[in-house]
Amino acid sequence: MGAHAAGLLAAGAEVTVLAGRGRTAPPGVRVVRVRDVDSRAPAVERDHASLADGKRTREHDALVARLRERIRPVIAKADRVVVHNVFTMPFNLALTEVLAGLAAEEPGRFVAWIHDIARYDERYAAFHRPGTPWDLIARALPGVEYVTVSEERAKEWSSLTGLAESRISVVPNGIDIGTVLGLSRPGAALVARLGLLEYDPLLLLPARLTRRKRIEAAIDATLALRARGHGAGLVVTGLVGPHDRTNVAYLKELAARASPRDGVHLLAAERIPIGYEVVVDLYALADVLVFPSAHEGFGIPMLEAGLHRMPIVCSDIPVLRETGGDEPVYVPTDASGDVIADAIVHALDTPTMRMRRRARGFAWPRVLREKALPVILGS
């Protein structure tokens, strides 16, 4: 819910979260707390116990009336109302009854977001009963659009209710990649600034800008991958090598060869200084270390990449063989961009890397942009 709220806010919507309890919402999101919305509120827990025994009590009706009075003014101000799990789970059936009634009054405003379905869970067998309010969580309600978080849930809901699968939207949950990978605040800011989550694959070259590093070969490999239809991106983290005045000219040559529009980010050219903690963040985020040097004294980046379980594509020179052993994918020291691109594709073709890249496809920005916001906003 927090990710949805933040995404809607960024899209220009005004967002209100209605809840019984919970942590602070994203900045700019209004929060309305109604105690009896909480499944752990005393009145709700008593009602839950009675309904589990098959008894609809006067206290239930009073709870429904109380909730309707509190909720209706909040709902009246909304263009769209997204309801998470309340329409399919029995935690607060008085709330379900109120929202079902409001949805019937104004069809098209309510979106039921289904994470779980009680009728397929024997833990909730006591609520598998006919009649209101029990049956509200087992049928498609008038005026409500349904969204499930997986294809399997869509099949289950269709089977239970008879609602055609074509009328059920599937929107997966997302992940906060920065949090999962433990990115530092500066690292997360750089990722957002450069849009690094959009690249697939994301290549990393942590090296000073000197000609022996053959950075142009890494750039050409990135361009070759993009020409083949991959959404490749490259980050070169190093500054201009300080000991050779011609390195400034080398930076200009590299910047002329490709730009951020081509997916190539030379942080020195973009004047983005970073500390080592951000380099570590990039190791955590990137898919492949590309290290096409003609000469090296040692291969520290390869060891760092190894600790991050990154595949490595590097030049076949003795010192890198000494550092990397048989693990990297080696290319000739004069390898073209196309040859390096072939090696990158090969390096990525493992179950671990396929799963890693698949997981990156579930980053919240992409899920929100491509799936969640179009459904919520009706666009």
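**T148 and its surroundings**

I started with T148 and what touches it in this predicted model. Leaving aside neighbours within four places in sequence, I find T148 in contact with I114, R153, A154, I168, S169, V170 and V171. I placed T148 in strand β5.

Buried or exposed, I asked of T148? With 0% relative accessibility, T148 counts as buried; the cut-off for that label is under 20%. I then looked at the whole of β5 and noted that the strand is mostly covered, with four of its five residues buried.

Two of the contacts of T148 turn up again in the strand pairing. I see I114 opposite T148 in β5, and I also see T148 opposite V170 in β6.

**The four-stranded sheet**

Next I traced the sheet around β5. I read an open sheet of four strands in the order β3-β4-β5-β6, with parallel pairing. Which strands stand at the edges? I have β3 (81-84) and β6 (168-170) there, each with a single partner strand, so one side of each lacks a neighbour in the sheet. Ignoring direction, I note an average turn of 30° between neighbouring strands of this sheet.

I checked the bridges next. For β4 and β5 I get parallel pairing over five bridges. For β5 (residues 144-148) and β6 the pairing is again parallel, over three bridges.

I then looked for what packs on this sheet. I found helix α5 (residues 151-161) on it, touching β4 (110-114), β5 and β6. The direction of α5 makes about 165° with that of β6. I wrote down β5, α5 and β6 as a β-α-β unit, and its hand is right.

**The six-stranded sheet**

I moved on to the other sheet on my list. I count six strands in an open sheet, ordered β9-β8-β7-β10-β11-β12, and the pairing is parallel. At the edges I have β9 (264-266) and β12 (329-331), each pairing on one side only. Neighbouring strands here are turned by 20° against each other on average, direction ignored.

I spent some time on β10 (residues 288-291). Which of its residues are buried on each side? I find V288 and V290 buried on one side, and L289 and F291 buried on the other, so both faces of β10 are covered.

I followed β10 to its partner strands. With strand β7 (residues 202-205), I get parallel pairing over two bridges. L203 stands opposite V288 in β10, and L204 has L289 in β10 as its bridge partner. With strand β11 (residues 312-315), β10 pairs in the parallel sense over three bridges. There I matched F291 with C314 in β11 as bridge partners. I then followed the chain from β10 through helix α11 (residues 300-307) to β11, and this β-α-β crossover is right-handed.

I also looked at which helix lies across this sheet. I have helix α13 (residues 337-348) across β7, β10, β11 and β12. Its run is at about 175° to β12.

**Helices α8 and α9**

I wanted one helix pair as well. Two packed helices are described by the angle between their axes and the distance between the axes. For helix α8 (residues 215-227) and helix α9 (residues 246-257), I have a packing angle of about 5° and axes 10 Å apart. Why roughly parallel for α8 and α9? Because angles under 35 degrees count as roughly parallel, I put α8 down as roughly parallel to α9.

I listed who makes the contact. From α8 I have I215, E216, I219, D220 and L223, and from α9 I have Y250, L254 and R257. I sorted the residues of this contact into five nonpolar, no polar and three charged.

**A192, last entry**

I finished with A192, which I located in helix α7 (residues 185-194). Its relative accessible area is 61%, so I call A192 exposed; the label needs over 50%. I also took a C-alpha separation: A192 and E156 are 36 residues apart along the chain, with 37 Å between their C-alpha atoms.

Key:
Residues numbered from 1 in each chain as written. Predicted model: local features only at pLDDT ≥ 70, side-chain atom pairs only at ≥ 80, totals over all residues. Heavy atoms only, no water. Buried < 20%, exposed > 50% of the residue type's maximum accessible area, 1.4 Å probe, protein only. Pairing = 2+ DSSP bridges. Right-handed = clockwise from strand over helix to strand, strands pointing away. Axes fitted to C-alpha atoms, helices over the stretch in contact; angles between N-to-C directions. Parallel < 35°, antiparallel > 145°, perpendicular 65-115°, else oblique. Contact = heavy atoms within 4.5 Å. Nonpolar A, V, L, I, M, F, W, Y, C, P; charged D, E, K, R; others polar.
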